[in-house]
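Please work through the following exercises with the sequence and the model open side by side, and try each task before reading its solution.

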Amino acid sequence: MADLKSLEAEALYARCDPASLSFETTAELQDLEEVLGQDRAVESVHFAAGIKHDGYNLFALGPAGTGKHSVIGEILRRRAAGEAAPADWCYVNNFSDPQKPRALKLPPGRAAPLREDMQRLVDELRAAIPAAFESEDYTARARLIEEELKERQEQAFQALDEQAGERGITLVRTPTGFALAPIRDGAVLTPKQFNELPQEEQERLKKEIESLQEALQEKLREFPQWAREAREKVRALNQEVSRYAVGHLMEELRKCYEDLPEVLEYLDEVRSDLIDKAHEFLQAAAGGHGPGPEAAELQQAGTAAPGLRAYEVNVIVDAREAEGAPVVYEDNPTLANLIGRLEHISRFGALVTDFTLLRPGALHRANGGYLLLDARRLLMQPFAYEELKRVLRSSEIHIESAAQSLGLISTVSLEPEPIPVDVKIVLFGDRQMYYLLCAYDPDFESLFKVPADFEDRTLRDDATVSLYARQIATMARREEIRPLDRGGVARVIEHGSRLAGDAERLSVHLRGLADLLREADYWADSGKAKVIGAQHVQQAIDAQIRRADRLRERIQEEINRGTILIDTEGAVPGRINGLSVMQLDRYSFGRPTRITASVRLGRDEVVDIERRVELGGPLHSKGVLILAGFLGGRFAQSRPLSLSASLVFEQSYGGVDGDSASSTELYALLSALADAPVKQSLAVTGSVNQYGQVQAIGGVNEKIEGFFDVCAARGLNGEQGVLIPEANVKHLMLRADVVEAVRKKKFHVYPVATIDQGIEVLTGVPAGEAAADGSWPEGTFNARVAAKLDAYAAAARRYARPEPAEEEGEGAKETKP
Amino acid sequence: MIAPDEVRAFRRIVLAIDATTDGTLVLDAAAALAARLRAELAAVFVEDLDLLNSADLPFVLQTSPFTAASQVFDMSATERELRTLAGQLRRRLAAEAERQHFAWSFRVVRCRACEAFLEAGESDLLVLGGSGRALLRHLRPGPGGGAAVARRQGSVLLFNPSRRLAGPVVVVQDRAGMARALAVGAWLAEARGEELVVLVVAAADAEAQALEEEARAWLDRRGLEAELHRTRSADAQGLCDAITRCLGGRRSATTIVDADSPLLEDPALLAAMDRAGYDLLMAR
């Protein structure tokens with residue numbers, strides 16, 4: 001019998017002694033300011049936030065629920081509070097090119113007052129300009145100009161008429177113009193009267209008319225010029241009046257912004273434009289929005305008249321209430337939500353726009369601070385990631401629709417002046433996404449130089465346990481739930497180790513921890529307890545498992561009913577109980593699986609049936625090849641391995657992957673070769689290398705519990721147990737009932753370091769150690785294997801010997817030339 | 001209330017139009033006035049003999065004021081244009097009369113413009129649209145024009161058709177005992193449902209005071225209300241400015257002046273009124 005001892009109960013569970021905790025309840029503990037177990041990530045965040053060079057943006061990678069958002073958000077918010085508030089930005093009309101709205105940068109909190117000041121200015125001008133244009137002074141001067149023109153024209157006609165009258169000619173108005181005709185006694189001559197005139201007189205009159213005609217034409221040619229001059233005078237007058245109406249209001253406004261040269265420049269442009277376009281205010285005064293159905297539509301829409309909108313200020317970033325730099329989390333990072341958008345309004349069925357319809361995006365709001373984005377959501381939005389990279393490369397935000405940037409629309413639209421941007425981007429994603437981006441996006445590494453890799457577990461020692469307790473206390477307060485007593489905290493800590501799958505580690509999956517605390521609080525409330533105790537935490541854990549373990553229960557049920565064949569008694573050669581882990585969402589459980597091996601004469605071939613039918617993954621195949629390597633290395637140094645073997649996971653209908661069953665398969669194969677029965681009361685897990693060393697695997701706790709449940713259901717007989725890799729002992733955090741069964745010697749957990757150790761436990765046959773010549777001691781397990789292989793080799797040689805040659809007949813052909 | 005015998009009510013309105021006035025607008029405005037005053041509208045379309053004779057002279061050319069280009073001035077073409085225009089106006093008047101229910105007539109006369117008023121026949125109100133045009137020229141006081149006006153028995157209204165005879169009624173009182181303009185103004189304001197304003201024109205305060213009191217008493221006797229204003233300016237422009245002030249800057253009004261008022265002797269008055277946007281009714 002092998003002398004490998006099973007583990008003591010104490011080795012199966014790293015208990016947290018409530019007595020070791022120096023508090024009664026978590027209410028006594030201070031909040032945990034630092035971040036538990038994320039030192040590396042926290043350093044990265046501080047580094048990325050502190051370094052001012054381009055490209056040092058942050059990618060927070062790690063499993064969901066490890067507190068990436070909350071930790072980074074908290075760090076950045078604290079940091080941002082001490083940084084300068086960002087500048088205000090607004091878009092204003094570009095009076096020289098309205099298609100290209102101008103971006104104005106103002107000190108924090110100054111944009112909104114500018115918008116209000118401009119609104120007030122426009123409101124005041126709505127009254128002031130019409131009043132100025134209705135003043136007696138203006139009307140008199142305007143009328144004077146008009147009269148001057150008419151007078152000038154009248155005088156021209158009058159002078160011509162007088163000139164004509166002196167020559168016996170008059171100026172006649174026709175339906176469409178003027179004519180010059182001879183008169184006598186104030187009446188135009190009839191043709192007969194004219195013909196009765198002396199020939200000389202007729203000729204004279206004709207010449208005079210011709211001459212006057214030319215003079216008339218000459219005068220008429222001057223009329224447009226006179227009209228133009230009059231218009232110029234009216235325009236100059238209008239400008240003078242507008243300047244007067246606008247001047248003092250603008251001066252008051254300028255005083256408010258004396259310290260901002262860009263704003264002063266803008267105000268000067270406004271003044272010039274106001275002086276030129278005072279008629280917009282006259283129209284607005286006449287009809288609110290001016291005449292016509294367009295105005296009615298605008299009035300209905302509550303918008304200003306198109307002309308007056310030119311003086312509005314569209315505030316894009318308003319930092320009036322900012323306390324430090326902005327930290328913005330954009331939950332829906334569409335292209336428009338990132339870089340802003342240009343809205344349109346419907347006017348007579350057509351969509352029109354102007355600078356007042358520019359809307360900011362998250363990048364505008366985060367300018368001067370930090371923008372937090374979920375990488376997966378970002379990548380799912382068309383063009384959003386590419387645009388974000390473009391912004392980071394150019395350090396400018398261009399508000400542009402996707403259709404515009406792709407050139408899909410060619411209608412005239414706005415080209416707003418780009419806004420310079422200085423923002424630190426934080427992307428959140430899992431590790432796979434980070435490494436995929438590193439591998440496939442050539443821009444990624446130059447733009448996101450800093451990874452913040454979040455751990456999902458941390459070392460479990462006294463110091464960490466203390467911090468963990470404070471973390472629990474902090475969460476309890478933040479979640480406004482009952483405090484936990486020492487027992488409750490101890491149980492949470494133990495569960496933290498179980499979640500980490502390691503007795504020496506603690507899970508830092510903060511979301512899971514918070515869930516557990518909330519649910520424990522629910523059970524405490526149900527039990528009318530004032531504090532959360534260990535029993536409430538256990539209730540919460542049990543309930544979580546209960547909610548998730550329908551499938552585990554069904555599988556156990558079918559094993560118990562004999563549908564899935566698992567023996568827990570007896571011994572059979574070539575057949576062994578393997579253990580696998582099934583993962584459903586965040587819940588995993590162990591499941592025993594029968595693994596069988598069959599051997600026959602063949603040519604160095606171990607057939608992995610799972611692989612043949614494409615149910616086995618590459619890691620499983622690797623494990624099988626390794627065990628074949630072990631077999632060859634140990635037993636085929638001096639003989640050919642004339643063996644064919646088949647390995648199969650019985651009743652497995654889904655995929656199998658991982659190498660955690662490779663030692664199990666090797667045991668089954670060796671058992672078949674040695675014809676040594678394997679105890680069915682035992683189950684095995686562990687991978688193996690080519691030297692026969694058993695290596696650590698994952699999910700050891702779930703695997704042990706999976707076999708324990710089958711055995712417990714059938715009745716523990718003291719023989720049952722599980723062989724695990726010795727390296728996994730430190731990971732053991734088994735259920736209390738398993739620990740109890742082990743304590744009572746009703747169940748065993750064997751830590752195995754080598755295949756030979758395992759084979760002795762499984763078969764009760766000594767493995768034997770090879771002699772210097774490679775032979776094995778008689779009666780040992782390995783000797784039986786070697787004997788079987790020798791027999792196969794001999795048989796193979798026998799079959800490989802050529803048949804006696806038949807005599808060559810007449811028809812034999814000469815092969816030599 | 002105005003007693004019927006105090007004012008010569010406008011029962012028959014004569015509208016004189018020629019080819020140089022903006023016929024359609026004038027016709028529309030006159031039609032609206034006739035409908036409002038329940039008067040008969042007699043339109044007289046004048047084919048100006050001077051114009052036709054000019055067109056008949058082969059060497060006379062027509063010059064466009066817009067292009068300054070001269071072209072042949074053809075008699076037959078001119079006659080055709082006049083016929084077409086008269087036909088259009090006649091049809092329009094008929095349609096307006098049917099729509100607004102007033103009596104109407106339309107006559108085409110060929111005469112010299114200065115004789116058009118005689119051709120128009122007797123009327124309570126002669127309506128002339130536009131200023132600076134041939135017909136208007138003959139209405140100017142002084143040689144050739146004053147005589148024609150003097151021959152009229154009724155009132156004469158000069159208006160700019162683009163304003164459509166709208167706005168308050170301003171009666172200009174410049175001499176004592178001239179209740180005629182006030183009566184016409186009060187009646188017109190009442191008929192049109194418009195505000196009545198009285199502007200007293202007097203060089204001296206005492207005279208202005210007396211005129212105001214006379215006007216006030218006249219109005220009070222009839223239970224009428226009106227705003228009273230005064231001005232010292234008797235020249236054309238000063239009068240227009242005073243009216244503008246009375247109206248608080250409003251640009252449409254009908255100004256009523258007694259036909260015998262010396263104010264009408266100012267040759268600039270008609271043009272000034274037109275430029276200021278005020279129609280002028282010379283009340284008789």
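The exercises below go from chain A as a whole to single helices, loops, the core, the contact between the chains and a sheet in chain B.

The model is predicted, so that local features are taken at pLDDT of at least 70 and side-chain atom pairs only at pLDDT 80 or more, while totals for chains, interfaces and linings use all residues. Residues are numbered from 1 along each chain as its sequence is written, and chains are lettered from A and ligands numbered from 1 in the order in which they are written.

**Exercise 1. Describe chain A by its secondary structure and its burial.**

Begin with the elements: chain A comprises 29 helices and 30 strands, where helices (H or I, at least four residues) and strands (E, at least two) are DSSP runs numbered from the N terminus. Next, take burial, for which a residue is buried if 20 or more other C-beta atoms lie within 10 Å of its own, exposed if 12 or fewer, and partly exposed in between, the C-beta atoms being placed from the backbone. By that count, 42% of the 817 residues in chain A are buried.

**Exercise 2. Compare the span of helix H18 of chain A with the expected value, and find what covers its buried residues.**

The expected span of a helix is 1.5 Å times one less than its number of residues. The 17 residues of H18 (residues 462–478) should therefore span 24 Å, and the end C-alpha atoms are indeed 24 Å apart. Among the buried residues of H18(A) are Tyr468(A), Ile472(A) and Met475(A). Their cover includes helix H19 (486–500), strand S19 (505–507) and helix H20 (510–526) of chain A. Just after H18(A), Glu480(A) has a positive phi of about 55 degrees.

H19(A) can be handled in the same steps: its 15 residues reach 21 Å from first C-alpha to last, close to the 21 Å expected. Of its 15 residues, 15 are buried, and Gly501(A), just after H19(A), takes a positive phi of about 70 degrees.

**Exercise 3. Place the largest nonpolar core.**

A nonpolar core is a set of buried Ala, Val, Leu, Ile, Met, Phe, Trp, Tyr and Cys residues joined through C-beta atoms within 7 Å. The largest has 116 residues, and those with the most contacts inside it are Ala60(A), Cys90(A), Tyr370(A) and Ile472(A). Helix H3 (residues 111–134) of chain A gives the most to this core, with 8 residues. Domain 1 (22–36 + 457–547) and domain 2 (38–86 + 324–454) of chain A both contribute residues, so the core lies between them; the domain bounds come from an automatic or database domain assignment.

**Exercise 4. Is Asp456(A) buried, exposed or partly exposed, and what does it touch?**

First locate Asp456(A), which sits in the loop between strand S17 (450–453) and strand S18 (457–459) of chain A. Then count: because 19 other C-beta atoms lie within 10 Å, Asp456(A) is partly exposed. Finally, list its contacts, where two residues are in contact if their C-beta atoms, placed from the backbone, lie within 7 Å. Leaving aside neighbours within four places in sequence, Asp456(A) contacts Gly62(A), Pro63(A), Thr66(A), Ser507(A), Val508(A) and His509(A).

**Exercise 5. Describe the side of chain A that touches chain B.**

In this interface, 30 residues of chain A are in contact with 26 residues of chain B. Helix H6 (199–256) is one of the elements of chain A that each supply at least two residues to this side, and H6(A) gives the most, with 8 residues. The residues of this side divide into 16 nonpolar, 7 polar and 7 charged, with Ala, Val, Leu, Ile, Met, Phe, Trp, Tyr, Cys and Pro counted as nonpolar, Asp, Glu, Lys and Arg as charged, and the others, Gly among them, as polar.

**Exercise 6. Which strands pair with strand S2 of chain B, and in which sense?**

Two strands pair if DSSP finds at least two bridges between them. Strand S1 (residues 12–18) of chain B is joined to S2(B) by 7 bridges and runs parallel to it, with Asp18(B) opposite Val46(B). S2(B) also pairs with strand S5 (residues 104–111) of chain B in the parallel sense over 8 bridges, where Val46(B) stands opposite Val109(B). S2(B), residues 40–48, is mostly covered, as 8 of its 9 residues are buried.
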